[in-house]
Amino acid sequence: MSKSRINWYKYAAPVNFYPLAGKMLPWFSGLAIVLFAVGLYLSFFVAPVDFQQGHSYRIIFIHVPAAWMGMFLYVLLAIYAGIGWAFNARLGSMMATAIAPTGAIFTFISLVTGSLWGKPAWGVYWVWDARMTSTLILMFLYIGFISLQSSIDDTRRADRAGAVLALVGVINVPIIYFSVQWWNTLHQGATIRIANKPTMAPTMLAAMLVLTAACWIYSIAITLARVRCIILERESEAPWLAESAVSA
Amino acid sequence: MPPPSMFSMFRWLVWRDLLLAWRRRTDVLATLFFFIIVVSLFPLGIGPEATLLRTIAPGVVWVAALLASMLSLNRIFGNDYQDGTLEQLLLTPQPLYLIVLAKVLAQWLVSEVPLVAIAPVLGLQFGLSQNTLGVMVVSLLLGTPVLSLIGSIGAALTLGLRSANVLVALLVLPLYIPVLIFGAGAIEASVAGGEARPYLLLLGATLVLALAFAPWATSAALRISVE
């Protein structure tokens, strides 16, 4: 038996995770609001004007965090769905179902903001370069995952079928990430690397990192809220829900 | 009597599926005619200008092959699921991987190989040269098995669902996109007078990857769908 005093595995049961998520939710939401406020202030008022692009480059502060979150959330979705399938843990599958809409929205935002930025920066709204095409594929994968799960009535089969689809599609995420190295097309290369010094101005980098943290904390908060709704829907016949009056 | 070996089961399953397809020839021919009609619609819609047709030919042929192969996906497992044979196949001692591979092979032979055979004739409609027609056939020969293999994952996931046909398209088309890019790219490179070999080698690599991993994913999906 483990020496820790907290039995973490008990939170794998929806009945225990529901109140825990309820307690975490206000903290994450509050933090997300603060980070968004700070990040937006930094990106509009503190970060300097770009030499070549003037003010229009500021869309990068939404575009890059959204793109990162879209890819990261897909990998997380695949991991949760895999855990739910491998360990027969339905909370894992519920988390995957909860993450999917947020990931899809962020990918959509990154595609739209990217094309809005493309017009002033490159002159066109859309090019079929490697990164944009594979991000579009990521969008289709999210939509496929959501439609597959919603078209299967039996929840166990829906969870597992979604897991297979998510795991098959996870190969796309490294392709998006490395596409700018492998193919020399229009999208710029990586500006921020973990080992080397970044080639952006420090205030721009700070604004982008703060907004990335904001999007991440927001994703956690919204996923917790959504998984609570999913627990209520799926476990509606469980004793702990049927007896008590459930509050928000 | 000892249980049959893996390979005799594989041969038997391929033969059985081919025989069943032969008895329902209209299904098979319908896919082929769909391919021919779709490819012929484009010159009618876009106009007969020769250079334009030669430019769009690779994409048109490949997209039509994609759509035609998607139409035939439900035949891999659909009929067997409805009459209960699939459940029995899942209970055999032979590896499910080989069973899936046998069914996909049979579907490829029946639905895709006729497409590959008729494609050069359609290529002539677009005014492609001999060399390019050769590249087209090779790219389709390498690419269509990948379409069948990846499509079998989608077919297994959507077994017995209400809107299975449309859903399969939604699931499987994003995964088809790399094959489309490499396949059409090979033919385009040949039309432009360049080297098609890099694209064909990449297609070969996707074929090897699909052969190794797709039947495995399909077996997992089959076990999930036939509970």
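Two residues are in contact here if their C-beta atoms, placed from the backbone, lie within 7 Å. Keep that in mind as we walk through this model, which is a predicted one. Under that definition, among contacts in chain A between residues at least 6 apart in sequence, 77% join residues at least 24 apart.

Let us stay with chain A for a while. Its secondary structure comes to eight helices and zero strands, so reading along the sequence gives the pattern α-α-α-α-α-α-α-α. Chain A has 248 residues, and 35% of them count as buried.

A good place to look at helix packing in this chain is the pair formed by α4 (residues 130-151) and α5 (residues 155-169) of chain A. Their axes are 9 Å apart and pack at an angle of about 165°. Angles over 145 degrees count as roughly antiparallel, and α4(A) and α5(A) are therefore roughly antiparallel to each other. The crossing in which α4(A) passes α5(A) is right-handed. Which residues of the two helices meet? On the α4(A) side they are A:Leu141, A:Gly144, A:Phe145, A:Leu148 and A:Gln149. Facing them in α5(A) are A:Ala158, A:Ala161, A:Gly162, A:Leu165, A:Ala166 and A:Gly169. Sorted by class, this contact of α4(A) with α5(A) has seven nonpolar residues, four polar ones and no charged ones.

Now move to the beginning of chain A, where A:Ala12 sits in the segment before α1 (14-46). Is A:Ala12 buried, exposed or partly exposed? It has 14 C-beta neighbours inside 10 Å and therefore counts as partly exposed. Leaving aside neighbours within four places in sequence, A:Ala12 is in contact with A:Ala89 and A:Leu91. A:Leu91 is 79 residues from A:Ala12 in sequence, yet the two C-alpha atoms are 6.3 Å apart in space.

Chain B can be read in a similar way. It has nine helices and zero strands, and along the sequence it follows the pattern α-α-α-α-α-α-α-α-α. The radius of gyration of chain B is 18 Å, close to the 17 Å that the globule rule gives for 227 residues, so chain B is as compact as a globular protein of that length. Along its principal axes, the C-alpha trace of chain B spans about 65 × 30 × 30 Å. Of its 227 residues, 44% count as buried. Taking the contacts in chain B with a separation of 6 or more, residues 24 or more positions apart account for 81%.

For a closer look at burial, turn to helix α4 (residues 74-83) of chain B. In this helix B:Arg75, B:Ile76, B:Phe77 and B:Asp80 are buried. What covers the buried residues of α4(B) includes α2 (25-46), α5 (85-90), α6 (96-125) and α7 of chain B. Just after α4(B) comes B:Gly84, whose phi is positive, near 90°.

Finally, consider where the two chains touch. How many residues does each chain give to the contact? Chain B provides 16 residues and chain A provides 15 residues. On the side of chain B that touches chain A, the elements that give two or more residues are α7 (130-157), α8 (164-191) and α9 (197-225) of chain B. The residues on that side of chain B divide into twelve nonpolar, two polar and two charged.

Conventions: Residues are numbered from 1 along each chain as its sequence is written. Chains are lettered from A and ligands numbered from 1 in the order in which they are written. This is a predicted model: local features need pLDDT of at least 70, side-chain atom pairs count only at pLDDT 80 or more; totals for chains, interfaces and linings use all residues. Axes are lines fitted to C-alpha atoms, for helices over the stretch in contact, and angles run from 0 to 180 degrees between N-to-C directions. Helices (H or I, at least four residues) and strands (E, at least two) are DSSP runs, numbered from the N terminus. Angles under 35 degrees count as roughly parallel, over 145 as roughly antiparallel, 65 to 115 as roughly perpendicular and the rest as oblique. A crossing is left-handed if the near helix is turned anticlockwise from the far one by less than a right angle, and right-handed if clockwise. Ala, Val, Leu, Ile, Met, Phe, Trp, Tyr, Cys and Pro count as nonpolar, Asp, Glu, Lys and Arg as charged, and the others, Gly among them, as polar. The radius of gyration is taken over C-alpha atoms; the globule rule is 2.2 Å times the number of residues to the power 0.38. A residue is buried if 20 or more other C-beta atoms lie within 10 Å of its own, exposed if 12 or fewer, and partly exposed in between; C-beta atoms are placed from the backbone.
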